[in-house]
Amino acid sequence: MAGAAKFEVVSRENFLRAVEEDFTEYNQKQREEMFSGLKLPRRATKGSAGYDFFAPFDLTLAPGETVKIPTGIRVRMRPDYVLMLFPRSGLGFKYRLQLNNTVGIIDSDYYDSDNEGHIFAKLTNDSKDGKTLSVKTGEGFMQGIFLQYGLTEDDDVSMIRNGGFGSTTK
């Protein structure tokens with residue numbers, strides 16, 4: 001099977017800024033430790049379709065709570081591929097863990113965006129059973145699946161991306 005993509009870590013500055021923006025409880029030393037502990041996504045088994053994304057820090061979500069996680073990861077992929085992101089199935093099953101946009105779509109041109117193509121995940125614990133979700137640093141919380149896609153015969157798009165969420169419709 002030919003490789004479609006390669007995961008990379010975003011720059012140190014990019015990751016530290018993203019964590020500092022939303023997680024003021026962490027000091028500079030803790031943010032630096034998070035960065036040095038980042039793990040590239042990987043498959044758990046030979047037959048796995050999904051690449052597990054690992055938590056850069058401990059997460060605790062009570063029912064109804066939402067968090068935006070800077071993964072510290074970007075992906076360079078062939079132009080005819082997309083990376084689709086989903087909660088890990090066990091977490092979805094046990095906690096109704098959901099991505100707020102239902103399925104994350106990472107386009108191949110996101111890699112060259114001003115934010116370095118930094119992949120974020122906004123998650124909500126939608127537990128109806130009062131279950132609090134806890135994910136430890138380095139544990140898988142989301143999975144990404146690469147899919148090849150096609151274009152229509154009359155496709156003539158020439159716009160170039162420069163931005164993140166929602167930037168392709170501006």
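Good morning. Four strands of this structure form an open sheet, in the order β2-β11-β6-β8, and their pairing is antiparallel. The edge strands are β2 and β8, the latter covering residues 104–107, and each of them pairs on one side only. From one strand to the next, the twist averages 30°. Please keep in mind throughout that this is a predicted model.

Let me stay with the sheet for a moment. Strand β6, which runs over residues 81–87, pairs with β8 in the antiparallel sense over four bridges. Which residue of β8 is the bridge partner of Met84? That partner is Ile105.

I turn now to the aromatic residues. The structure holds eight aromatic pairs. One of them joins Phe23 and Phe57; this pair is tilted, with 4.7 Å from centre to centre and 55° between the planes. The pair links distant parts of the chain, since Phe23 is in the loop between α1 (12–22) and α2 (28–36), while Phe57 is in the loop between β2 (51–54) and β3 (59–61), 34 residues apart.

Are these two residues buried or exposed? Both Phe23 and Phe57 are buried. For Phe23, the relative accessibility is 8%, and because the limit for a buried residue is under 20%, Phe23 counts as buried. Setting aside neighbours within four places in sequence, Phe23 is in contact with Phe57, Val67, Lys68 and Pro70. By contrast, Phe23 and Gly3 are 20 residues apart in sequence, and their C-alpha atoms are 35 Å apart in space.

The helix before that loop also has a buried side to report. In α1, the buried residues are Asn14, Phe15, Leu16, Ala18 and Val19. What do the buried residues of α1 pack against? They pack against α2, β4 (66–70) and β9 (120–125). A general point is useful here: an α-helix has 3.6 residues a turn, so residues three or four places apart point the same way.

Let us return to the sheet, this time through its aromatic residues. Ring pairs link Phe7, Tyr51, Phe53 and Phe146 into a cluster. Where in the chain is Phe53 also prominent? Phe53 is listed with Leu83, Leu123 and Phe141 as the residues with the most contacts inside the largest nonpolar core, which has 38 residues.

Phe141 deserves a closer look. Apart from neighbours within four places in sequence, its contacts include Phe53, Phe54, Ile69, Pro87, Leu97 and Leu123. Arg88 and Thr71 are also in contact with Phe141.

As for the two members of the cluster that I have not yet described, Tyr51 is partly exposed, with a relative accessible area of 25%, whereas Phe146 is buried, at 18%. Why do the two fall into separate classes? The limit for buried is under 20%, so Phe146 at 18% is buried, while Tyr51 at 25% is partly exposed.

Finally, two charged side chains lie over aromatic rings. Lys39 lies over the face of Phe54, at 4.1 Å from the ring centre. The charged end of Arg74 sits over the ring of Tyr111, 3.7 Å from its centre.

To close, I would recall two points. The sheet is open, with β2 and β8 at its edges. The largest nonpolar core has 38 residues, and Phe141 is among those with the most contacts inside it. Thank you for your attention.

Notes: Residues are numbered from 1 along each chain as its sequence is written. This is a predicted model: local features need pLDDT of at least 70, side-chain atom pairs count only at pLDDT 80 or more; totals for chains, interfaces and linings use all residues. Side-chain values use heavy atoms; hydrogens and water are left out. A nonpolar core is a set of buried Ala, Val, Leu, Ile, Met, Phe, Trp, Tyr and Cys residues joined through side-chain atoms within 4.5 Å. Buried means under 20% relative accessible area, exposed over 50%, partly exposed in between (1.4 Å probe, protein chains only). Contact means heavy atoms within 4.5 Å. Rings of Phe, Tyr and Trp (its six-membered ring) pair if their centres lie within 6.5 Å; planes under 30 degrees apart count as stacked, over 60 as edge-to-face and the rest as tilted. Helices (H or I, at least four residues) and strands (E, at least two) are DSSP runs, numbered from the N terminus. A charge sits over a ring if NZ of Lys or CZ of Arg is within 6 Å of the ring centre and within 35 degrees of the ring normal. Two strands pair if DSSP finds at least two bridges between them. Axes are lines fitted to C-alpha atoms, for helices over the stretch in contact, and angles run from 0 to 180 degrees between N-to-C directions.
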